[in-house]
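Colleague: I have some questions about the labels used for this model. Could you show it to me, then explain them?

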Amino acid sequence: MLCGAGTYLCLIHGQTSGAALLQFLLFIFVFAVSNSAYGFLVNDLGDRELDRLHGKRNTFAELGMAGGMRVLAAVCAVMLLSSLPFVSKPGFLPLWGLWWLACTSYSLPPLRLKQRGLPGLVVSSLAQSTLPIFLTAAALVPGSYGEVWIFMLASTLCGATQELAHQRYDRSN
């Protein structure tokens with residue numbers, strides 16, 4: 001969805017130069033991927049005991065706490081470095097901060113929203129589906145949030161559906 005929204009924005013705004021392509025690739029394949037990795041890692045960090053009880057794979061169980069924390073630190077370093085071209089763009093930092101807060105509060109105490117029913121489902125959908133579309137707009141074409149509404153709607157609906165399906169599948173655990 002990020003590739004589609006980002007490509008759409010770049011094309012309708014005539015951002016087709018080599019520099020625009022490089023920025024697009026950096027955002028999608030380094031920034032977005034490292035942020036996704038962060039989300040999965042903090043979820044594994046918060047789920048260490050639960051995953052052990054259910055026989056699930058967990059990065060921190062496999063690498064040990066010290067090894068997992070080194071991987072998490074490396075991912076955070078990539079996140080920070082790959083954000084540098086975008087931090088001065090209007091709206092990017094507040095959206096990224098909101099994404100980070102949603103992602104972290106979903107998985108880790110003291111809030112650990114994933115154990116709080118509907119608020120957890122809402123925050124998970126926002127972190128995985130809605131906010132990334134708005135971050136894409138802020139990074140690539142600041143102020144174009146209204147132009148990506150269809151991508152945001154589709155991504156949010158798909159994300160919420162996927163989250164509900166995941167909860168249903170995982171309910172027995």
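**Values against cut-offs**

Modeller: Let us start with Lys-56, which is partly exposed, with a relative accessible area of 35%. Lys-56 lies in the loop between α3 (48-54) and α4. This is a predicted model: local features need pLDDT of at least 70, side-chain atom pairs count only at pLDDT 80 or more, and totals for chains, interfaces and linings use all residues. Residues are numbered from 1 along each chain as its sequence is written, and side-chain values use heavy atoms, with hydrogens and water left out.

Colleague: Why is Lys-56 called partly exposed?

Modeller: Buried means under 20% relative accessible area, exposed over 50%, and partly exposed in between (1.4 Å probe, protein chains only). Lys-56 has 35%, so it is partly exposed.

Colleague: What makes the pair of Tyr-8 and Phe-151 tilted?

Modeller: The structure holds 10 aromatic pairs. In one of them, Tyr-8 and Phe-151 are 5.4 Å centre to centre, with 50° between the planes. Rings of Phe, Tyr and Trp (its six-membered ring) pair if their centres lie within 6.5 Å; planes under 30 degrees apart count as stacked, over 60 as edge-to-face and the rest as tilted. The 50° falls in the rest, so the pair is tilted.

Colleague: Where do the two rings of this pair sit along the chain?

Modeller: Tyr-8 is in helix α1 (residues 2-12) and Phe-151 in helix α7 (residues 149-170), 143 residues apart. Helices (H or I, at least four residues) and strands (E, at least two) are DSSP runs, numbered from the N terminus.

Colleague: Which of these counts as buried, Tyr-8 or Phe-151?

Modeller: Phe-151 does, at 17% relative accessibility. Tyr-8 has 34%, so it counts as partly exposed.

Colleague: How do you know that the span of helix α5 agrees with what is expected?

Modeller: The expected span is 1.5 Å times one less than the number of residues. Helix α5 (residues 92-107) has 16 residues, so it should span 22 Å. Its end C-alpha atoms are 23 Å apart, which agrees.

Colleague: Why is α4 called roughly antiparallel to α5?

Modeller: Helix α4 (residues 59-83) and α5 pack at about 160°, with their axes 13 Å apart. Axes are lines fitted to C-alpha atoms, for helices over the stretch in contact, and angles run from 0 to 180 degrees between N-to-C directions. Angles under 35 degrees count as roughly parallel, over 145 as roughly antiparallel, 65 to 115 as roughly perpendicular and the rest as oblique. About 160° is over 145, so α4 is roughly antiparallel to α5.
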